[in-house]
Amino acid sequence: SDVCSSDLDIELPDGWHQPRVIDIAARRANATVGGPFGSDLVANDYVDSGVPVIRGQNMGQRYVAGEFAFVSPAKAKALQANLARPSDLVFTQRGTLGQVALVPTGPYEEYLISQSQMKLTLDCGAAAPGYVHQYFASALGQKQILDSAIQTGVPHTNLGILRNYAVPMPRRVDEQEAIAAALTDADALIDSLEQLLTKKRQIKQGAMQELLTGKRRLPGFEAAWTDGVLGDVVAELVAGVSVNSDPTGGGDGVPSVVKTSALKGGEIGRAHV
């Protein structure tokens, strides 16, 4: 079917409702619109600067971002029905379904969506863009997108399906905005922690390189290193065997099997057979 159910099987608190996307879209032309027809936007239309084009590679973050292709202002004007502006939401229509991103307030005033995207302009008196984005980025929103996808050929969706997505939300827009702000703050904290972890891993990798090659020595260890081979320092080297049975709960006397899938991160997991 081209239209998914507008109802979700969830219980809503008092003061909440569950409108469809079409109910909270702006009341103007092209509030929900797909990308241009294939022949209307081709590689020869791309130029070095102008109006950025939102493609799949620009959809991996909260906001559309990354390296953009551009079309001339004249081309963008000819395709003005397919333009997205700040606070609009952009959904992937075919390809990596589930991608959803907000259009930022800068550095560009408008963007052209490609044939692989759909654009939603909200009625800001009914729905906060940040809240709607957080919903569709959530597990429930992602499930709704993926469950409603058309699976024939390359999985895809369409405007009819998008317009009928249900969005559970408070009726008060200020409560929606407060929820979106709290979740955005949590996202920012997670991002900062991930950046810190990345930095710490890089520091550790550098320390490993120096410590395991003798370029740096720990205090109290000055003796010269010697060269050796693995066979001189281990008692026995054996090859693995093929195990066909599925792992079961083991007991006393049941041997453990070290699986290849467990050999990562420096930890060895075992299964009993």
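**Two open sheets, a covered helix and a small set of local details**

In the strand pairing of this structure, Tyr46 stands opposite Val71 in β5. Two strands count as paired if DSSP finds at least two bridges between them, and the elements themselves are DSSP runs numbered from the N terminus, with at least four residues for a helix (H or I) and at least two for a strand (E). The model is predicted, so local features are given only at pLDDT of at least 70 and side-chain atom pairs only at pLDDT 80 or more, while totals for chains, interfaces and linings use all residues. Residues are numbered from 1 along each chain as its sequence is written, and side-chain values use heavy atoms, leaving out hydrogens and water.

The pair Tyr46 and Val71 belongs to an open sheet of five strands. Following the strands across this sheet gives the order β3-β5-β4-β9-β6, and the pairing is mixed. Its edges are taken by β3 (46-47) and β6 (83-84); each has a single partner strand, so one side of each is left without a neighbour in the sheet. The link from β3 to strand β5 (residues 69-71) is made by two bridges, and these strands run antiparallel. On the way inward, β4 and β5 are also antiparallel, paired over three bridges, with Pro52 standing opposite Phe70 in β5. The pairing of β4 with strand β9 (residues 111-113) has the parallel sense and covers two bridges. Here Ile54 finds its bridge partner in Ile113 of β9.

What covers the two faces of strand β4? In a regular strand the side chains alternate between the two faces of the sheet. Strand β4 (residues 51-54) has Val51 and Val53 on one side and Pro52 and Ile54 on the other, and all of these are buried, leaving both faces of the strand covered. Buried stands for a relative accessible area under 20%, exposed for over 50% and partly exposed for anything in between, computed with a 1.4 Å probe on protein chains only. Pro52 and Ile54 thus join two descriptions: Pro52 is opposite Phe70, Ile54 is the partner of Ile113, and both are buried on one side of β4.

A further open sheet is built from four strands in the order β2-β10-β7-β8, with antiparallel pairing. Strands β2 (32-34) and β8 (100-102) stand at its edges, each with a single partner strand, so one side of each has no neighbour in the sheet. From one strand to the next the twist averages 20°, the angle being taken from 0 to 180 degrees between N-to-C directions of lines fitted to C-alpha atoms, for helices over the stretch in contact. Inside the sheet, strand β7 (residues 89-92) runs antiparallel to strand β10 (residues 117-120), and four bridges join them. Phe91 has Met118 in β10 as its bridge partner.

Helix α3 (residues 129-137) lies across β7 and β8 and runs at about 160° to β8, where contact means heavy atoms within 4.5 Å. Eight of the nine residues of α3 are buried, so the helix is largely enclosed by the rest of the structure. The buried residues are Pro129, Gly130, Tyr131, Val132, His133, Gln134, Tyr135 and Phe136.

Phe91 and Met118 return at the one cavity of 30 Å³ or more that a search of the whole structure finds. A cavity is a set of points on a 1 Å grid over the protein atoms alone where a 1.4 Å probe fits but cannot get out, and its lining residues have an atom within 4 Å of a point. Points are joined across faces, edges and corners, and the volume is the space filled by probe spheres set on them. The largest cavity holds about 30 Å³ of space. Its lining consists of Phe91, Thr92, Gly98, Gln99, Met118, Ile145, Thr157 and Tyr165.

Some backbone details sit in loops. Between β8 and β9, the loop holds Pro107, and the peptide bond from Gly106 to Pro107 is cis, with omega near 5°. Asn30, in the loop between α1 (21-24) and β2, has a positive phi of about 60° although it is not a glycine. This residue is partly exposed, at a relative accessible area of 36%. Ser87 lies in the loop between β6 and β7 and has a positive phi of about 80°, again without being a glycine. Ser87 is partly exposed, with a relative accessible area of 36%.

Finally, strand β12 (residues 256-258) contains Val257, which is buried at a relative accessible area of 18%. Val257 and Val241 are 16 residues apart along the chain, and 9.7 Å separates their C-alpha atoms.

Terms used
On a 1 Å grid over the protein atoms alone, a cavity is a set of points where a 1.4 Å probe fits but cannot get out, and a pocket is an open set with protein on both sides within 12 Å along at least five of seven lines; lining residues have an atom within 4 Å of a point.
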